[in-house]
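Student: I would like to go through this structure with you step by step, beginning with how its chains meet. Could we take one question at a time?

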Amino acid sequence: MPESESRPIVWSDELWDDLLRETDAGVCYQCGTCTATCPLAERGALNVRQLIRLGAFGSGVPGRAVDSPGLWSCTTCAQCNVGCPRGVDVVEVVRHLRGRAWKRNEVPAGLRPLLWAEFQDGNPYRMPPSQRTQWMRGLSGPAAGSSDGASTVLYVGCTASYDPRAQRTARALARLLAAADVPFRLLGENEVCCGETPRALGAQGLFRDLSSRAAESLRTAGATRVVTISPHCFDALRAGLSNEVEVVHYSQLLDELVSGGKLKVGGTPAPNLTYHDPCYLGRQHGVYEAPRRLLESTGAKILEMPRNRRWALCCGGGGGNMWRESDLEGRLADERVTEARDTGASVLATACPFCITCFNGTESAGTGRLEVVDVAEVVARAAGVSSA
Amino acid sequence: MVRMAVEKASLLQPLESYEQPMVQAALVVGGGPAGMAAATSLARQGFETHLVEREREVGGHLRHLDQIEPSGADAKSLLTAMLGNLETSGAKLHLGTEVAQIDGHVGNFHARLGTGETVEAGVVVLAMGATMVRPPEDYPLRSAYDLETVTNQRLEEMLSWGRVPGRTVTLVSCIGARSDERGCSRYCCSSMVGQALRLRRMGKKVRLLYRDLRAYARGAEELYRTAAEEGVAFFRYPDVPAEKAVRVVPGAVRFHDVLLDRDVELPTDLLVLVCGLVPEDPAVAKMLKVSRSSDGFLLERHPKLGPVEAGSAGIFLAGTAQGPKDLGESIQQGLATAAKAAALLSRDTIEKEPLCAVIDETTCNGCGRCVRVCSFGALEPYTVDEGGKKSKKVRVITAACMGCGTCAADCFRDSITTPFFTDEQIEAQVDAALSDDPASKVLVFACNWCSYAGADQAGIEKIQYPSNGRIIRTMCSGRVSDRFIKRAFEKGAGAVLVTGCHPGDCHYINANSWTGKRFEIWRKTFERRGIAPERFQLEWISAAEGKEFAAKMKEMATVLRDHAAAAPPPAEAVSAGK
């Protein structure tokens, strides 16, 4: 037993009050339901209950936070929140504990450059702001956000701006909005990261900084409504923008358009597909049915995976894990893709660029029998709009 | 089985119920909330009521409280209200004195108080309360080790003044409770969570160390949640007595946090010991022969069927004298005793079931064996002077006798008769049961309260078991005499099974302990006479244990089969051993 283990931990009332101010961890009675439902706990990577308890102790011993079991492995999927009988927002606690680790500079290697990229470039990809519009290749007219005076802003987000796979989703969505006569604008070079990654990693200061920059650019554009592609932007903008602007996920908007008859879908019915609930859309914000209604409107039949909606298994990409090599044995995405394939579906649809990246990165996804697509792309095909 | 009933019926005699005069007055011993509630209620119903309180004021522990948890009600106003009700109820208060001497039985108790006054009462309510445990030496109650230590009672006083020393306060639960025979003190969790919350609202840093947290009263769980929300920090210490788990070091307490699995130190200015309740050792309960449970608190007749009654009629138990409980529960129990007592007091006389033992004084030689086994003190030795020749006798105090029959089984001279369960009647049942193919029969003696009901339960649950059992019911297994066993084996019974309530559950206080003691002797005796031990067994079966009863009967059937397979001992062998 190392020496730090044998010496008693000295309780800090100040850190405790700190935790109480920022989270509702005080009411946790340590039943362990969170751990019992955590997909990482199942892999021995994280003990949520213990993490909360550790949080209560304020990590009084130096070196504690970085080696806290699983503090940085947590994907913030919020499965723990679903079962908590005390209604604790455990994800909030994880963010708080990560924040404490930043204050003591006890963070895993590789995260600091990531935050510098966010700070300097306004995105986690170290890409120049000038290239934010590259995704628009081939778009023109209303689909290129040329509707002057429109109060709706399509917030593309860093991933859809820079990641070639996600760019396709963005283009499909832009064309769908144009097809439904929804005037919208784009922020272009002025779009900055929503700050979701710093937020999930506990860098609260940087998150606040980024969201105030995002708020400023939205205000300048005269936006009253923001449509996001990534559920992560959806979550972070909702947290960062207070009530000044209405933030919606594109699946909610498309659902409205289709059910209101403004967007016609039909044509060739999509093949049998299954739908994966992104954590930040489903569990975090309760949007389960809009994407499903959209998929069904195309004539597709959804073959549900055993774990769906509140119990959907995380893809493994949240909570900053898109930028860290997973130290897990067996990726969550592998398990999820297998689960999807077992439904008999030939298409795995989801509504989050992180999920798509994770699923496409799995070994089994490459076998070709399962196509991973975004819901927007499925709708675009059914609406006769190019989804490329 | 029909024949058994018919044979018994042919010997039945008409019985007359007894009537005893009832002194229509109540004596309540102890003036805490339970006693106050009982006395107020009885007096308001018009009964002459005497409340005896050792202290010069009534109120008990309530006098020392500021706020009642979990409701947060003001203790002083409650006490004032209860006192007002008591004073206007007409109850006679005897303050600053104790019951020095008490005897008697239902309908007729005589008490002498320390003041010399005497009180006659038909019923007695025992509400002497319990004591707060004295903190062990490990926690010196003074400023030491750079921290101050107080009890939760002292803290309550400090809270009532609104002045509590120190910035950091640590409360430790279960001091003196939940160790050895002693169980949970029940009142303390809600109380300490409430205290912790009040401290927190005064701006203190508050930590609460618990072994288990049992916030069971209405509103207590909500109070616990509020305390947690407002920042009281909760810690669970290991499942051993607090004095072993929580150590005081200079300026702090140290313990092993179970939920973190690490040793933890809490810098502390004020240490609060949340003390459990321990039973008093009241002389009055001893004089009334009220049993105590293994934890030392007064034992009720039955946890469900007689929760506020003592084993003997006319004596009722209220408040923490009967077991640790919170204020609300104490008052409830006080009111419950008043209701039960009033049911007796409302009549001029009390009618008793005519099961009371009868002693034939022509044959009784006053040996006193029966006096020893009576749990109710219902047998009284006396001396008669027959023409100058003094001889000892025993008589039955009919009011005190509960009719268990344990005395009759112990009388060498067969001088004691228990009506409806006479020797002749039971023997007629034995004979009838064994009149046909006795070797295939298992004769079962079952007590009225537990094992007979247990056999019934087997039937209710539709459990299949062999049909060769023949059950003879007595009020208590203590009624079973060795002459019945002997007779059964003489008649060639395959096996005999004596059953009764589990030890500690006896409906006649502890009469079945005599069954146990006697059985040990009988088993040896009958074994010497050639009865294999498996053919003569004792089994405790509760009213709920239908399954266990059926299983035992199956086992006995196997015993009979094995016995039949081996060569049975000739019946004469048993008789020869006479």
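Tutor: Let us begin with a term: a salt bridge is a side-chain nitrogen of Lys or Arg within 4 Å of a carboxyl oxygen of Asp or Glu. Please keep in mind throughout that this is a predicted model.

Student: Which residue of chain B does the side chain of A:Asp17 meet in a salt bridge?

Tutor: The rule asks for a nitrogen of Lys or Arg within 4 Å of a carboxyl oxygen, and the pair in question has a distance of 3.0 Å from N to O. The partner that A:Asp17 meets in this salt bridge is B:Arg200.

Student: How many salt bridges does the rule find across the interface of chain A and chain B?

Tutor: The interface of chain A and chain B also holds eleven residue pairs in polar contact, both residues being at pLDDT 80 or more. For salt bridges across the interface of chain A and chain B, the count is six.

Student: Which element gives the most residues to the side of chain A that touches chain B?

Tutor: The elements of chain A that give two or more residues to the side touching chain B are α1 (3-6), β1 (9-10), α2 (13-22) and α4 (48-56). One of these gives five residues, the most to that side, and this element is α2(A).

Student: How many residues on the side of chain A that touches chain B are charged?

Tutor: The contact takes 24 residues from chain A and 26 residues from chain B. Dividing the side of chain A that touches chain B by class gives ten nonpolar and five polar residues, while the charged residues number nine.

Student: What area do chain A and chain B bury between them?

Tutor: Carbon and sulfur atoms carry 51% of the area buried between chain A and chain B, and the total is about 2100 Å². In chain A, the residues that lose the most area to chain B, together 26% of what that side buries, are A:Trp11, A:Arg53 and A:Arg86.

Student: In which sense do β1(A) and strand β19 of chain B pair?

Tutor: A:Val10 stands opposite B:Glu265 in β19(B). Strand β19 covers residues 262-267 of chain B, and its pairing with β1(A), over two bridges, is parallel.

Student: Turning to chain A by itself, how many residue pairs in polar contact does the rule find across the interface of domain 1 and domain 2 of chain A?

Tutor: The domain assignment of chain A gives domain 1 (3-103), domain 2 (111-257) and domain 3 (263-382). Between domain 1 and domain 2 of chain A about 730 Å² is buried, and five residues of domain 1 are in contact with nine residues of domain 2. The rule finds zero salt bridges across this interface of chain A, whereas the residue pairs in polar contact, both at pLDDT 80 or more, number two.

Student: And in chain B, which three residues supply 62% of the area that domain 1 buries against domain 3?

Tutor: Domain 1 of chain B comprises 20-129 + 280-350, and domain 3 of chain B comprises 356-418. Their C-alpha centres lie 32 Å apart, and domain 1 and domain 3 of chain B bury about 540 Å² between them. On the side of domain 1 of chain B, the three residues that supply 62% of the buried area, more than any other three, are B:Gln20, B:His105 and B:Lys289.

Technical notes:
Residues numbered from 1 in each chain as written. Chains lettered and ligands numbered in written order. Predicted model: local features only at pLDDT ≥ 70, side-chain atom pairs only at ≥ 80, totals over all residues. Heavy atoms only, no water. Contact = heavy atoms within 4.5 Å. Buried area = accessible area lost by both parts, 1.4 Å probe. Polar contact = N/O pair within 3.5 Å; in protein donor to acceptor, adjacent residues only side chain to side chain. Helix = DSSP H or I, 4+ residues; strand = E, 2+ residues; numbered from the N terminus. Nonpolar A, V, L, I, M, F, W, Y, C, P; charged D, E, K, R; others polar. Pairing = 2+ DSSP bridges. Domains from an automatic or database assignment.
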